[in-house]
Amino acid sequence: MKAITLLGSTGSIGTQTLDIVSQHPDKFRLVGLAAGRNVEMLAQQVRQFRPEIVAICDEDKLPELKAAIADLDPQPILLAGDAGIIEVARYGDSEAVVTGIVGCAGLLPTIAAIEAGKDIALANKETLIAGGPVVNPLVEKHGVKLLPADSEHSAIFQCLQGVPKGGLKKIILTASGGAFRDWPVEKLAEAKVSDALKHPNWSMGRKITIDSATLMNKGLEVIEAHYLFGADYDDIEIVIHPQSIIHSLIELQDTSVLAQLGWPDMRLPLLYAMSWPERIYTDWERLDLVKAGSLTFREPDHKKYPCMQLAYAAGRAGGSMPAVLNAANEQAVALFLDEKIGFLDIPRCIEWVCDRHRTDHQQNPSLDDILAADQWARQEVLAVSKLVSQNQPIIAQVASRL
């Protein structure tokens, strides 16, 4: 039985992870839980899984959480705030930590878990995108495993099992195309939040669903694939695959192409990251290729999805630039979800901030440098969003200069 800790337990990744734990009580034991501010759901999870330690990020919610589980015996250790989340990440005898916290907020807890010698089931892509220059050396130093738990990178990881060193030629990331894959580019200026949240294939959180609509999620995955698998950016491609049956592919040196297929279900990559190198039986619906029908592919439209080029440019710049890209995207998406900027303003704000960072770009940043760049980028987006909202011109087409 593997002891695990779950960060981000009330989000989409967290609830699906707990679904796996509940289906396989003989395989997994839950040591710790951490969540944001959903007291009711977190209290239900604590009652069902009886973890040893629990943290809620919103410190004002701690008294409510204590009251909600006051009758439990024994009581778990209850903590709050960012420090509490970090303590849960490093706590006890858990062998692996599933990192389901959205955004750069997951970086410090993941580092704490690595330093405590715990393997990471990585569902938080920002950990490597922003923190890759720091995280990868720590993984090597502490001898832990970094196992991808998102659909695309899990597919690549699965395909690589048994491939000899030097056998990989290219990585091919598949993208659904998001909510606007069938919209003409001219119509995107009219896109509303409700439109962008209508993902055709996946059920995900609001932020990642917007990233899918801009295809920034795929650009971020390119950077993550670079850090996970050591592939050059010229050897990582994106292809639109509307059916989301092929979750990604690899091309080998002899031109053979390997793919991992399955119904759109995040539980499969989560289960593999949690159980690797084992394969655990499930009674989930089998993939029926006849039922799946035709599988189609097309090249992504860079005019419709400018965020992809911004991500490639930031990745090639390296150092602190991906952290700035990631933070700018998080802040711009939050503003769009609050209806303070338009959909097309998301890439405009990101482009502006990345261009501004060129003068302060650091090629070998420390953790403090990365955190400082993250905070700076968020403030810059807030500043430039005011110009956007006033329809004032900002820099355009600067990705090639990053």
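**Figure 1. The seven-stranded open sheet of the predicted model.** In this predicted model, seven strands form an open sheet whose order is β4-β3-β2-β1-β5-β6-β7, and the pairing is parallel. The edges are occupied by β4 (77-80) and β7 (146-148); each has a single partner strand, so one side of each is left without a neighbour in the sheet. Direction ignored, neighbouring strands of this sheet are turned by 20 degrees against each other on average.

**Figure 2. Pairing of β3 with the edge strand β4.** Strand β3 (residues 53-56) and β4 run parallel and are joined by four bridges. Within this pairing, Val54 stands opposite Leu78 of β4.

**Figure 3. Strand β5 and its two pairings.** On one side, β5 pairs with β1 in the parallel sense over four bridges, and Leu6 has Val98 in β5 as its bridge partner. Strand β5 is also joined by four bridges to strand β6 (residues 119-122), again running parallel. Val98 takes part here too, with Ala121 in β6 as its bridge partner. Between β5 and β6 the chain passes through helix α5 (residues 107-115), giving a β-α-β crossover that is right-handed. The side chains of β5 alternate: Ala96 and Val98 point one way, Val97 and Thr99 point the other way, and all are buried.

**Figure 4. Helix α1 on the seven-stranded sheet.** Helix α1 (residues 12-23) lies across three strands, namely β1 (2-7), β2 (28-35) and β5 (96-99). The helix runs at about 160 degrees to β1.

**Figure 5. The four-stranded open sheet.** A further open sheet contains four strands in the order β9-β8-β10-β11, and its pairing is mixed. Strands β9 (236-240) and β11 (257-261) stand at the edges with a single partner strand each, so one side of each lacks a neighbour in the sheet. The average turn between neighbouring strands of this sheet is 20 degrees, direction ignored.

**Figure 6. Strands β8 and β9 with helix α10.** Five bridges connect strand β8 (residues 168-175) with β9 in the parallel sense; Thr174, for example, has Val239 in β9 as its bridge partner. Helix α10 (residues 216-229) packs on the sheet and touches both β8 and β9. The direction of α10 makes about 150 degrees with that of β8.

**Figure 7. Helix α14 and its surroundings.** Helix α14 (residues 321-337) has 17 residues, which at 1.5 Å a residue should span 24 Å; the end C-alpha atoms are 24 Å apart, in agreement with this expectation. Of the 17 residues of α14, 16 are buried, so the helix is largely enclosed by the rest of the structure. Following α14 is Glu339, whose phi is positive, near 60 degrees.

**Figure 8. The largest nonpolar core, with Phe180.** In soluble globular proteins, nonpolar side chains tend to be buried together. The largest nonpolar core of this model has 126 residues, of which Phe180, Leu325, Ile346 and Ile350 touch the most other members. Helix α14 supplies the largest share of this core, 11 residues. Residues up to four places away in sequence being left out, Phe180 touches Leu188, Ala191, Asp195, Ala196, Ala213, Lys304, Tyr305 and Phe343.

Technical notes: Residues are numbered from 1 along each chain as its sequence is written. This is a predicted model: local features need pLDDT of at least 70, side-chain atom pairs count only at pLDDT 80 or more; totals for chains, interfaces and linings use all residues. Side-chain values use heavy atoms; hydrogens and water are left out. Two strands pair if DSSP finds at least two bridges between them. Axes are lines fitted to C-alpha atoms, for helices over the stretch in contact, and angles run from 0 to 180 degrees between N-to-C directions. Contact means heavy atoms within 4.5 Å. The expected span of a helix is 1.5 Å times one less than its number of residues. Buried means under 20% relative accessible area, exposed over 50%, partly exposed in between (1.4 Å probe, protein chains only). A nonpolar core is a set of buried Ala, Val, Leu, Ile, Met, Phe, Trp, Tyr and Cys residues joined through side-chain atoms within 4.5 Å. A crossover is right-handed if, with the strands pointing away from the viewer, the path from the first strand over the helix to the second runs clockwise.
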